[in-house]
Amino acid sequence: MACVHDHSCEDHDCSSNWSLYKHIDLSKVSALNEATPGSVKYVFKAWEDRLNSSGDHLESNEGDPELLVFIPFTSDVKIKGISIVGGADGTSPSKMRAFINRDGIDFSDVQSMQAVQEWDLVENMQGVLEYQTRYSKFQSVANITLHFPDNFGGDTTKIHYIGFKGEATQLKRDAVVNIVYELMPNPSDHKTHAESGGGFSHVE
């Protein structure tokens, strides 16, 4: 399901709504079938920069429009909506499928796996469309994989921007819990049978 912003972004702080950008672990973002290795990192940017297409973008290999994008977050997030700004002349993706908390999946995996949700996309050059999620299924998201199986007829698929609307939890997934073990019992902490008149000195 897609909806169009019902307000002017000049009058509303849309950047705060699309704030999950700062929770993306950019160093670990990856894509399969990208023509230029590492170019996927450039599609994640602040909301106000979403239409800035002067820089690098994500593009599939010639003659193969399929793309698979893996996006990990630095903390668990709840995703309410997704925005995609694709390329012109039929190079925008026409369909999107989402998989949640699945590491290391490839094209053969996504063909046989049930997506959490699927969307039919439209060409969204101005970044005004929001694809709403089934919110109850997009809770506690540590990572999301987006599969773009096809486009609108172009030789390649181009993506200039991917944005996520939602909120992040305060807890980090990789927080370390320190557990203190008692390496040597303190005799004063343990009563013995000898002390209680039982005749045994074994420490319980």
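## A covered residue in a loop

Let's start with Thr156, which sits in the loop between E8 and E9. Is Thr156 buried or exposed? In this predicted model, its relative accessibility is 5%. Thr156 therefore counts as buried, since the cut-off for that label is under 20%.

What does Thr156 touch, once its neighbours within four places in sequence are left aside? Its contacts are Glu59, Ser60, Asn61, Glu62, Gly63, Thr91 and Asn151.

## The chain as a whole

Now step back and look at the chain from end to end. It has 2 helices and 9 strands. Reading from the N terminus, you will meet them in the order β-α-β-β-β-β-α-β-β-β-β.

The chain has 204 residues, and 42% of them count as buried. Its accessible surface is about 11,500 Å², with 49% of that belonging to carbon and sulfur atoms. Take the contacts between residues at least 6 apart in sequence: 79% of these join residues at least 24 apart.

## Strand E4 and its partners

Strand E4 is a good one to trace in the structure. It covers residues 67–86, and 16 of its 20 residues are buried, so the strand is mostly covered. Which strands does E4 pair with? E2, E7 and E8 are among its partners.

With strand E8 (residues 141–148), E4 shares 7 bridges, and the two run antiparallel. You can find one meeting place at Val69, which stands opposite Leu146 in E8. Strand E2 (residues 30–32) also pairs with E4 in the antiparallel sense, over 3 bridges; here Ser30 stands opposite Phe70 in E4. Strand E7 (residues 129–132) pairs with E4 over 2 bridges, again antiparallel. In that pairing, Gly81 has Gln132 of E7 as its bridge partner. A handy idea to keep in mind while you look: in a regular strand, side chains alternate between the two faces of the sheet.

## Two nonpolar cores

The largest nonpolar core holds 32 residues. Which of them touch the most other members? They are Phe44, Ile71, Ile79, Ile144, Leu146, Phe148 and Phe164. E4, E5 (95–100), E7, E8 and E9 (158–172) each supply at least two residues of this core. E4 gives the most, with 8 residues.

There is also a second, separate core, made of 6 residues. Phe99, Ile105, Val110 and Ala115 are included in it.

## Salt bridges

How many salt bridges does the structure hold? There are 5. One of them joins the side chains of Lys95 and Asp120, at 3.6 Å from N to O. Lys95 is in strand E5 and Asp120 is in strand E6 (residues 117–120), so this pair links distant parts of the chain, 25 residues apart. Lys95 counts as partly exposed at 25% relative accessibility, whereas Asp120 counts as exposed at 62%.

Arg97 and Glu118 form another salt bridge, with their closest N and O atoms 3.2 Å apart. Because Arg97 lies in strand E5 and Glu118 in strand E6, the pair ties together parts that are 21 residues apart in sequence. Arg97 is buried, at 10% relative accessibility, while Glu118 is partly exposed, at 36%. Lys95, Arg97, Glu118 and Asp120 are linked in a network of salt bridges.

Elsewhere, the side chains of Glu130 and Lys165 meet in a salt bridge, 3.6 Å from N to O. This pair also links distant parts of the chain: Glu130 is in strand E7 and Lys165 is in strand E9, 35 residues apart. Glu130 is buried, with a relative accessible area of 6%, and Lys165 is partly exposed, with 22%.

## Two loop residues with positive phi

Finally, have a look at two backbone angles. Asn101 has a positive phi of about 55°, although it is not a glycine. You will find Asn101 in the loop between E5 and helix H2 (107–112), where it counts as partly exposed at 37% relative accessibility.

Ser140 is another residue other than glycine with a positive phi, in this case near 50°. The place to look for Ser140 is the loop between E7 and E8. Is Ser140 buried or partly exposed? With a relative accessible area of 46%, Ser140 is partly exposed.

Note on methods:
Residues are numbered from 1 along each chain as its sequence is written. This is a predicted model: local features need pLDDT of at least 70, side-chain atom pairs count only at pLDDT 80 or more; totals for chains, interfaces and linings use all residues. Side-chain values use heavy atoms; hydrogens and water are left out. Helices (H or I, at least four residues) and strands (E, at least two) are DSSP runs, numbered from the N terminus. Buried means under 20% relative accessible area, exposed over 50%, partly exposed in between (1.4 Å probe, protein chains only). Contact means heavy atoms within 4.5 Å. Accessible areas come from the Shrake-Rupley method with a 1.4 Å probe; for residues, only the protein chains shown count as cover. Two strands pair if DSSP finds at least two bridges between them. A nonpolar core is a set of buried Ala, Val, Leu, Ile, Met, Phe, Trp, Tyr and Cys residues joined through side-chain atoms within 4.5 Å. A salt bridge is a side-chain nitrogen of Lys or Arg within 4 Å of a carboxyl oxygen of Asp or Glu.
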